[in-house]
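Trainee: I would like a close look at a single part of this model, with enough of its surroundings to place that part in context. Could you take me through it in one connected account?

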Amino acid sequence: MGIRFILMVNKQGQTRLAQYYEYLTLEERRALEGEIVRKCLARNEQQCSFVEHRNYKIVYRRYASLFFLVGVDNDENELAILEFIHLLVETMDRHFGNVCELDIMFHLEKAHFMLEEMVMNGCIVETSKSNILSPIQLMDKTS
Amino acid sequence: MAGSSIMETLFQRTLDDIIKGLRLQLIGESAFISKAMEEIRREIKSTDPHTKSTALQKLTYFNSVHGLDMSWAAFHVVEVIGSSRFAHKKIGYLAASQSFHDGTDVMLLITNQLRKDLTSTNEFEVSLALECLSRIATLDLARDLTPEIFTLLSSSKNLVRKKAIGVILRVFGVYPDAVRVCFKRLVENLESPDPQMVSATVGVFCELASKDPGSYLPLAPEFYKILVDSKNNWILIKVMKIFAKLVQLEPRLAKRVVEPICEHMARTGAKSLMFECVRTIVTSLAEYESAVKLAVVKIRELLIDDDPNLKYLGLQALSIVASKHLWAVLENKEVVIKSLSDADPNIKLESLRLVMAMVSDSNVSEISRVLVNYALKSDPEFCNEILGSILSTCGRNFYEKIIDFDWYVSLLGEMSRIPHCQKGEEVENQFIDIGMRVKDVRPELVRVARDLLIDPALLGNPFLNRILSAAAWVSGEYVEFSKNPFELMEALLQPRTSLLSPSIRAVYIHSAFKVLIFCLHSYFFQRKTIASSSLSSNDLAQGVSDSVSVRESPKGSGSATCEAPANELDGGFNPRIPSQLSKDIPTGNGDDMIVTHGQTSSFASLEKNSFTEDSISNLLNLIEMALGPLSVSHEIELQERARNILGFIELIKQEIPGSLDQGEGNFEREQLKASEVINVMRDAFSKELGPVSISAQERVPVPDGLMLNENLCDLEKICGDVQLPSTSSFSLGTPHSKEKIGVSLLNLQSKEESEPSTESTSLLAEHRKRHGLYYLSSEKNEISSTDYPPANEMKLQDDLHDDAEDLVKLTEQSLVPKKKPNHAKPRPVVVRLDEGDEVSIVAKKPDSKDDLLSGAVRDVLFGNEAIPTSSRRNPSDKSSSKRKGKEKVNIDLPSELKENLGDEEKPDLGNPSSRRSKHRTHGKERRHRSPGKNDEEREENVQKEKQKSSHRHGRHKARQRADGPLNVVAQAAVIPDFLL
């Protein structure tokens with residue numbers, strides 16, 4: 001499994017979106033999120049975006065008030081994951097128009113849907129923005 | 001759909017309400033949530049699907065963002081999934097993929113719904129179901145739905161096909177038999193003209209290959225094609241990851257891929273792809289010098305980049321290279337050292353690892369110096385990282401990097417004094433380990449230990465307690481090298497030792513005991529020497545050498561040099577002699593040597609410290625003062641040890657004060673008892689302790705008729721409800737050793753044997769005869785001279801025979817440097833045991849699921865006969881033996897390949913054809929099972945034929961060949977010759 005989880009956390013440390021690709025109990029999730037948020041949010045802009053945690057790596061990137069944290073296996077390509085995060089943000093940006101934390105809060109389902117288009121079983125399956133967004137736009141139209 | 005849009009806005013508002021409400025709550029958020037949850041619990045029971053799904057949507061939100069439990073609503077989730085409206089279904093599937101897991105009991109209820117949605121004409125419904133399945137599929141679900149997924153794998157709708165590929169990974173994971181059905185179609189997608197499909201498929205294979213690369217070797221040609229042709233960076237990265245795994249199994253493959261990978265590396269502008277090329281080369285293609293050189297150039301680019309991400313990755317790549325190409329690290333030495341003071345702790349850590357990789361026996365002292373200076377300046381956390389890596393690097397493989405142990409021991413002392421040092425345990429272990437393994441370093445070790453012990457400031461730092469404990473043990477065990485035992489005694493008994501924990505204090509007290517014995521012994525020996533020398537006043541030197549040579553045998557020259565100055569008590573004594581002597585000592589051998597050992601060095605310290613009556617009685621007073629209060633301590637270890645010493649002093653005192661005033665004539669007779677007591681104790685303590693191999697206990701044969709379990713059963717009967725102390729601070733053997741000391745004290749008068757361990761063993765044997773029931777066999781042979789917990793425990797498990805063996809080994813090895821003593825600064829001998837000191841690494845066995853999966857994949861790829869599903873399901877021995885057979889086939893491959901090269905012109909077609917034929921049989925099987933799919937199957941075959949028209953001719957031939965079953969078997973193991 002390449003990607004183990006994707007988290008979006010605001011700078012206060014509140015989880016805004018959590019997608020796990022392996023089953024964890026609620027307690028495990030809470031503990032994991034706590035540890036990661038503590039570790040990553042304390043780092044500054046001059047430090048690198050990779051953090052080793054337990055037996056995997058976290059690749060993270062900050063956009064405005066929101067941190068995007070992706071937990072990946074150790075042999076995953078860090079730079080590719082950074083690009084993936086950027087792609088995710090760009091995709092959301094295209095859909096919501098100047099995406100912000102509130103968009104994700106109020107359209108959590110859509111954010112999940114986009115992620116599901118991009119990632120399956122921890123594998124990145126789609127990297128084209130229009131391909132990711134077309135089903136969502138179609139659904140918006142029909143509903 | 002109009003109705004649903006109304007409803008959708010309705011429920012969206014409801015969830016929006018919740019979110020808005022939450023945002024307004026500055027305090028009392030939990031009250032708000034619990035109120036909302038109450039509503040949800042009510043609403044979710046509603047029969048109206050809109051209300052129900054809205055409630056579920058809110059619940060899912062709370063579960064995902066606030067981490068509230070939603071497992072109780074599992075059945076409602078199933079109901080919402082069953083809704084006919086897409087909007088509701090969507091909510092249901094999201095909820096299911098978020099909350100369902102293997103233990104969810106309603107899982108089976110959704111099988112039919114999933115099947116219905118998977119075969120739906122609405123591609124979005126299909127994709128919802130596939131999404132959900134990719135997250136929650138269990139064995140049952142995967143087994144029941146494999147036919148549907150198989151169909152979807154060749155769907156004409158890209159959206160659906162892509163997701164069907166994505167779901168395969170999970171299905172294979174939980175239900176390996178699906179490989180037999182779906183694998184061929186998965187491989188076809190690898191050759192799809194649509195990069196979307198290729199991307200998804202390569203992703204799946206990358207994951208599969210990371211678990212068991214061997215099974216996917218036959219697909220190398222397909223991967224190679226992608227590697228050369230693809231323009232998509234995502235795909236290239238994944239393919240390279242696959243090759244990184246494959247080339248480790250098949251070196252000839254490396255030759256082929258190294259070139260395209262280098263090309264990609266040189267050409268690409270994308271850092272991610274470039275880094276992947278670098279990483280593939282340094283991990284898997286490290287033997288290709290030119291490629292590595294190129295990669296190192298790229299690494300250098302990363303290292304000097306301002307972006308901390310690139311710098312970090314550069315360092316990481318460099319540390320992978322380091323193991324095989326150290327020159328790459330040395331080339332970038334400055335950057336690495338500079339990174340030690342980077343702002344980012346992660347970068348600092350990486351560069352520290354690299355610096356440690358550069359350490360060799362020639363530069364270890366300079367690098368350690370630099371690092372210790374860094375440690376002094378940096379924050380506590382990184383400081384300890386530095387110290388930890390120095391310790392582990394220097395200590396690796398029996399200190400193989402250390403030549404100058406005197407330097408290293410003083411470095412250890414210095415490291416202990418660094419304010420942030422928290423590596424007490426490691427330093428402690430190395431102190432003791434070096435003491436036991438390296439004889440030549442003991443004088444320096446004692447000096448360092450003394451410096452640590454006499455510093456009262458160190459006692460207050462709890463992190464240093466362990467180091468102090470080691471220092472105390474060292475100074476007690478090797479007290480003969482001490483320049484001033486009295487000072488040592490004061491240090492061991494200083495009032496601030498009360499800050500230490502009881503177990504460490506116990507070590508202090510026992511070390512004080514050893515020091516005391518040493519002082520008394522030296523004192524008595526001195527008296528004796530003086531007495532005897534005064535008797536034969538005519539020929540002074542003669543008399544001395546006579547009296548000494550009674551005990552001292554072969555080392556005539558060595559002892560003579562030290563005895564001569566011994567009698568010239570009026571100074572002018574060369575202070576270097578003690579150290580010379582102690583250098584000589586370890587080269588001796590046997591028990592005889594131990595006696596000599598004590599004597600010669602007692603001479604050495606004698607001149608300096610002159611054990612006078614005053615100093616000895618001061619010493620005794622000091623001990624009594626310091627330990628008096630401890631004899632009523634509540635800590636059993638302290639009390640016991642303190643009482644031992646006090647009792648011993650009591651015994652000695654009765655004899656000494658009287659004898660001190662008496663004339664020379666009575667001296668020997670009066671003091672006979674005291675000195676004998678001391679001699680016995682001295683002998684006990686001067687027995688050499690060596691390292692014990694980890695496997696020592698295993699080598700102890702279990703005596704015949706020993707029934708350990710039976711004994712314990714009896715114990716249980718007797719003890720009844722008494723709880724056995726399982727985690728007490730002292731080992732079972734320790735009270736034993738106490739007893740032994742006591743015994744030897746009581747039996748002094750009737751002392752015949754000079755070998756204390758034999759004597760105590762016989763006593764113990766008697767004791768054991770009486771109370772034998774309660775003793776385990778292994779503790780009987782421990783030596784009373786040790787009480788330091790780690791060493792003691794190791795010894796405990798040992799056996800006398802084994803001890804002797806170790807000793808023989810020790811002495812044998814210590815003899816070695818004697819043969820060539822004229823080396824300027826030879827590396828001292830480091831005692832190491834032949835076996836057992838290394839921790840054996842248990843090979844990780846793949847679990848049965850993976851085993852099954854790779855077995856199935858191999859079956860498909862290598863074209864073996866399919867095994868009936870039922871027999872494969874259970875991870876039985878059959879499958880494992882089957883697997884073994886496969887591996888054998890794999891090993892034999894190279895030779896077969898060579899043969900193939902000779903007699904077959906186009907064997908690359910042979911393999912795909914065998915796979916193809918395999919697939920056809922699968923198709924047949926399926927036709928039996930579900931005749932409805934028949935047409936589709938055929939249609940697909942036709943399609944394939946069209947696609948591969950260019951290869952048709954070859955394939956035709958192959959198919960003909962594959963028709964006979966024999967042929968299939970013959971080609972089963974062929975790896976494409978393309979590799980050659």
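Mentor: What follows begins with one helix of chain B and then moves outward to helix packing, single residues and the two chains as a whole.

The model is a predicted one, and the part I have chosen is helix 27 of chain B, which spans residues 485-493. This helix is mostly covered, with seven of its nine residues buried. The buried positions are B:Pro485, B:Phe486, B:Leu488, B:Met489, B:Ala491, B:Leu492 and B:Leu493. At the start of the helix, a side-chain oxygen of B:Asn484 comes to within 3.2 Å of the backbone nitrogen of B:Phe486.

Within this helix, B:Leu492 deserves attention of its own. Its relative accessible area is 2%, so B:Leu492 counts as buried, the cut-off being under 20%. Leaving aside residues up to four places away in sequence, B:Leu492 touches B:Leu453, B:Ala472, B:Ser475, B:Thr497, B:Tyr508, B:Ser511, B:Ala512 and B:Val515. One of these partners, B:Ala512, is 20 residues from B:Leu492 in sequence, and the two C-alpha atoms are 6.3 Å apart in space.

From a single helix we can turn to pairs of them. Two packed helices are described by the angle between their axes and the distance between the axes. Within chain B, helix 8 (residues 139-152) and helix 10 (residues 178-190) pack at an angle of about 5 degrees, with their axes 9 Å apart. Angles under 35 degrees count as roughly parallel, and therefore helix 8 of chain B and helix 10 of chain B are described in that way. Helix 8 of chain B contributes B:Thr146, B:Phe150 and B:Thr151 to the contact, while helix 10 of chain B contributes B:Ala178, B:Val181, B:Cys182 and B:Arg185. Sorted by class, the residues in the contact of helix 8 with helix 10 of chain B are four nonpolar, two polar and one charged.

A second pair involves both chains. The axes of helix 4 of chain A (residues 108-118) and helix 5 of chain B (residues 86-99) come within 12 Å and cross at roughly 70 degrees. Because that angle falls in the range of 65 to 115 degrees, helix 4 of chain A is roughly perpendicular to helix 5 of chain B. The crossing of these two helices, helix 4 of chain A and helix 5 of chain B, is left-handed. On the side of helix 4 of chain A, the residues that meet the partner are A:Glu109, A:His112, A:Phe113 and A:Glu116, and on the side of helix 5 of chain B they are B:Lys90, B:Ile91, B:Leu94, B:Ser97 and B:Gln98. By class, this contact of helix 4 of chain A with helix 5 of chain B holds three nonpolar, three polar and three charged residues.

The loop between helix 4 (74-81) and helix 5 of chain B contains B:Ser84. With a relative accessibility of 68%, B:Ser84 is exposed. B:Ser84 and B:Pro49 are 35 residues apart in sequence, and their C-alpha atoms are 9.6 Å apart in space.

In chain A, A:Thr91 sits in helix 2 (residues 78-96). A:Thr91 is buried, at 0% relative accessibility. Apart from residues up to four places away in sequence, A:Thr91 touches A:Met114, A:Lys129, A:Ile132 and A:Leu133.

Two residues call for a look at the backbone. Most residues other than glycine have a negative phi. A:Ala64, although not a glycine, has a positive phi of about 50 degrees. A:Ala64 lies in the loop between strand 4 (56-63) and strand 5 (66-72) of chain A, and is exposed, with a relative accessible area of 69%. B:Asn397 also has a positive phi, near 50 degrees. B:Asn397 belongs to helix 22 (residues 380-399) of chain B, and is partly exposed, with a relative accessible area of 34%.

Finally, the chains themselves supply the wider setting. Chain B has 49 helices and zero strands, and 54% of its 980 residues are buried. Among its contacts between residues at least 6 apart in sequence, 71% join residues at least 24 apart. Chain A has five helices and seven strands, which follow the pattern β-β-α-β-β-β-α-α-α-β-β-α along the sequence. Of the 143 residues in chain A, 62% count as buried.

Methods
Residues are numbered from 1 along each chain as its sequence is written. Chains are lettered from A and ligands numbered from 1 in the order in which they are written. This is a predicted model: local features need pLDDT of at least 70, side-chain atom pairs count only at pLDDT 80 or more; totals for chains, interfaces and linings use all residues. Side-chain values use heavy atoms; hydrogens and water are left out. Helices (H or I, at least four residues) and strands (E, at least two) are DSSP runs, numbered from the N terminus. Buried means under 20% relative accessible area, exposed over 50%, partly exposed in between (1.4 Å probe, protein chains only). Contact means heavy atoms within 4.5 Å. A polar contact is a pair of N or O atoms within 3.5 Å; within protein, one must be able to donate a hydrogen and the other to accept it, and residues adjacent in sequence count only if both atoms are side-chain atoms. Axes are lines fitted to C-alpha atoms, for helices over the stretch in contact, and angles run from 0 to 180 degrees between N-to-C directions. Angles under 35 degrees count as roughly parallel, over 145 as roughly antiparallel, 65 to 115 as roughly perpendicular and the rest as oblique. A crossing is left-handed if the near helix is turned anticlockwise from the far one by less than a right angle, and right-handed if clockwise. Ala, Val, Leu, Ile, Met, Phe, Trp, Tyr, Cys and Pro count as nonpolar, Asp, Glu, Lys and Arg as charged, and the others, Gly among them, as polar.
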